[in-house]
Amino acid sequence: MATKAFQKTYTQLSAITKATISLQAKGIANDELAVVNGKLAQVVKTKGDTATLQVFAGTEGIPTNAEVSFLGNPPTLKVSDALSGRFFNAYGHPIDGGPEVEGEERQIGGPSVNPYKRRQPSQLIPTGIAGIDLNNTLVSGQKIPFFADPDQPYNQVMADVALRADVDKIILGGMGLSNDDYLFFRHQFEGAGALEKIVSFVNTTEEPPVERLLIPDMALTAAEYFAVDKNEKVLVLLTDMTLYADALSIVSNRMDQIPSKDSMPGSLYSDLAKIYEKAVQLPAGGSITIIAVTTLNDGDITHAIPDNTGYITEGQLFLRADTDTGKVIVDPFRSLSRLKQLVQGKKTREDHSQVMNASVRLYADAQNAKTKLENGFDLSDYDLRCLDYAKDYAIQLLSIDVNITIEEMLDTAWKLFAKYFTKAETGIKQVFIDKYWPES
Amino acid sequence: MKSTGKVIGIVSNLVTVQIDGPVAENELCYITLGDTRMLAEVIKVNGDKASVQVFESTRGLRNGDPVEFEGRMLEASLGPGLLSSVYDGLQNDLTTMEGVFLKRGEYTDPLHHEKLWDYTPLASVGDKVIAADWLGEVKEGWLPHKIMVPFSFKGEYTVKSLAPAGSYNIDTTIAVLTDENGEDVPVTMVQKWPVKIAIKGYKEKPRPSKIMRTGVRVFDTFNPIAEGGTGFIPGPFGCGKTVLQHAIAKQGEADVIVMAACGERANEVVEIFTEFPELIDPYTGRKLMERTTIICNTSNMPVAAREASVYTAMTICEYYRAMGLRCLLLADSTSRWAQALREMSNRMEELPGADAFPVDLSAIISNFYSRAGMVILNNGKTGAVTFIGTVSPAGGNLKEPVTESTKKAARCFYALEQNRADQKRYPAVNPIDSYSKYLEYPEIREYLDENMGQGWVDKVAEAKNLVRRGKEANDQINILGDDGVPMSYHERFWKSELIDFILLQQDGFDPIDCNAPMDRQKYMLELVLDICHREFHFEGYEQCREYFKDMINILRQMNYNEFHSEKFEQYREELNQFLEKHGN
């Protein structure tokens, strides 16, 4: 790290933990950066003349006489159009072998948008995946995570969604990505020829966990540049937010803070909200949409991380393996897009919400039939038809490998209705039945 | 002289200040950072060190930065123009701020000083008055906004002069009062009041004796909230808390609605900004926004101001209550406020209570809920503040400190249930666990007997009991199988489904069903109970199921049509024939 002239330098540490150091220093600003033995650190606490700093790269090998130079400013990112197509680490330095980016230097983690100046999100983001577009339609300016067990292919789904979405820029914030996943994203982006509209900030598992804390703010500072300054539609991908929260708990633990539920810091809700609430539809037309990944522990959504996330985000997309068909599906019961009604039937075909409700309700009937079957009760003719329908529905619509237009999804659903059910059993409004029921 | 100090410690938004003079608990101060002045509030004093919570980001703040104490607590400005405003938690007007981003240290005036109001005096020269007495009146929208003797005035005053009827701005002196020592005090249309202290200025606070209508059947019919009552809605995410609160805001029978969006999603507030100016108040036919004030401290805004936001909202309600108006305060969500308390307590390194919340959480919550209530003013008129808060229990588990503390304080409990939400049975209020203590009040029972017919409460209890018995029957059916139980179990279960589908469930997005007037609720409850009293005879459980499904469908159509309209009566007739057919 380059040093600047006239900076304050100290060489006497008073305390070292795994993630933090403390020292006697005067005139230190809150949130200010420092370099400790060549490692970047940030002030998190001052008390009298004692300052405590979190060392992003970990404190391994830092001696009590380490050289500490304060840089006088909080973490920053240089923003310009030259960010496009580049890969950076958590500090905003290129990791793709290219030159440093020139541009306006901005502090990361900046202020919030005045809620009164926001606009109501209203633009549809099609993904080709029916489990999303048909049942849980995404809207620009929305924030929504994938809830998935670690063995689900969430990164692949997210890359698909990003590359199919009609947006001007995609910003990837990778936290604790395995090197394989990092190379996967890189390969996907390059293969799609879309590199020019993508900016990536990546912290891999090979790098220290505390560094991850910088990734969301870096990614969102870049996103705000394109959305606010350039009025672009920006999609931000954050994976994996569970690892981000884990890093938060490491730091708070080292600072002797009293943990709340699941040993997470008491401020977890505010910490996550500060990130997710950057999703916005701006008055001048730009927008930031956030799609994140929160990995779960065996589907447990009551853990503090998914729980707090659920209260902040506008719905969640729940991935699970469907044992009946062997496909990974977007679970229609546990997934939800809170903003879908802003576009369904308004930006899509009029029968959208009725078809969605009917298809999910029939799928629920199939689940009941399945329970009956497992409990050894006799199945009615209707139950049997529901079970057959459920298989087709899972393969042709819920599976994440589907890639069709919303019009095609609706037509597919109508075909399945006609194949297995009577018009009355679907419970759809008569006007739509008259118009869309497929003639045999 | 004001005390001053300098910063000696910073952890996030908790700043320790070395002080050179006296400071008070909850006193405000300004911390100067460069050319920005940031507002902060004293939360603890220890020797010559004060801990203050800063209502802004403390990035860049240094030890040694100067602090100036204000000698006052956080105050709300109260006067005409509060309605249809959009404030942050500290009552800054969000609509007059410049730029898209909130700027640190930018504080805007809550009230417009140029706007003229048509003023009429109510008191007369020579009148003896005390705090909260009405001196005059202006029209705010369609509401008579009283100009009162400031709440902070102690003792008795004599009206020395009054401004004649006319058009004035809020800073005009509209009265001069003489105190007991013969000193003259001018009174304008605006007064200030510290938000953390309850506004008294009334004669007494009797037990609530009336129901506040919400148009939502699970509230009004099953667990009514009283005017001046308190209630809370806990529920996991995705159960429709916010949708339910918005419905109550749109339909609640109140003169003034204050919505405190406390630590929740900004897009939900945007929905209110976008919808409310278009929506019509069902009681007056005016725009909803005209009776609504929004206090908005979304989850990404400074945490300390989140705590202030609920107090600011309550103070505004109490102000309107003193004018003899009925106010409804909705806070979404009080858990975020409790979490803000937890964050500060944690940074002050206090010994924690359960789940790391501060030990006095319970006391703070019940103290806040106690500010609601119906009051009899000095002039004999009544006013009310009804308070409904939502709670977001961690993991959806109701055994957590915020839910438990709130349960002790609030009189109504509306438990939202994941299971009902999954089945799309909205509003997902659990009919068995939820309760309203007001149904036990003799005053309320008397009121209901008078307005809903003798024995109303017994009917409600019967309906609840039928739901409970139906659930038990269903459990048996699930264990023993459809064929393994007597027919009466199926009938019992389907009668409870009838109550569920027709009375408990309500389509919040249907323009007619969303808001049910009381006479309609009475009609439907009696109709459904009447059906439940009938004995049916079925060949098999499938016939029973089909029969009730068809019946529910007819009754549902009644819910979707205008009460007593031609269509409604048509379905009523169809229902009669349907029921008769079975009798034969």
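Among contacts in chain B between residues at least 6 apart in sequence, 68% link residues that are at least 24 apart. This figure, like those that follow, comes from a predicted model. The secondary structure of chain B amounts to 14 helices and 25 strands. About half way through the burial scale would be a loose phrase; more exactly, 51% of the 584 residues of chain B count as buried.

The overall dimensions of chain B can be taken next. Its C-alpha trace extends over about 90 × 55 × 45 Å along the principal axes. The radius of gyration of chain B is 27 Å, which agrees with the value near 25 Å that a compact globule of 584 residues would have.

We turn now to the interface with chain A. Here, 50 residues of chain B are in contact with 45 residues of chain A. On the side of chain B that touches chain A, at least two residues each are supplied by β1 (4–11), α3 (266–275) and α5 (334–347). Of these elements, α3(B) deserves a second look, as the largest share of that side, seven residues, comes from it. By residue class, the side of chain B that touches chain A divides into 21 nonpolar, 19 polar and 10 charged residues.

Strand pairing also connects the two chains. Strand β5 of chain A, residues 39–47, is joined to β1(B) by three bridges, and the two strands run antiparallel. Within this pairing, Val11(B) in β1(B) has Lys45(A) standing opposite. The strand β1(B) thus appears in both descriptions of the interface: it supplies at least two residues of the side that touches chain A, and it is bridged to β5 of chain A.

Conventions: Residues numbered from 1 in each chain as written. Chains lettered and ligands numbered in written order. Predicted model: local features only at pLDDT ≥ 70, side-chain atom pairs only at ≥ 80, totals over all residues. Helix = DSSP H or I, 4+ residues; strand = E, 2+ residues; numbered from the N terminus. Rg over C-alpha atoms; globule rule 2.2 N^0.38 Å. Buried ≥ 20, exposed ≤ 12 C-beta atoms within 10 Å, placed from the backbone. Contact = placed C-beta atoms within 7 Å. Nonpolar A, V, L, I, M, F, W, Y, C, P; charged D, E, K, R; others polar. Pairing = 2+ DSSP bridges.
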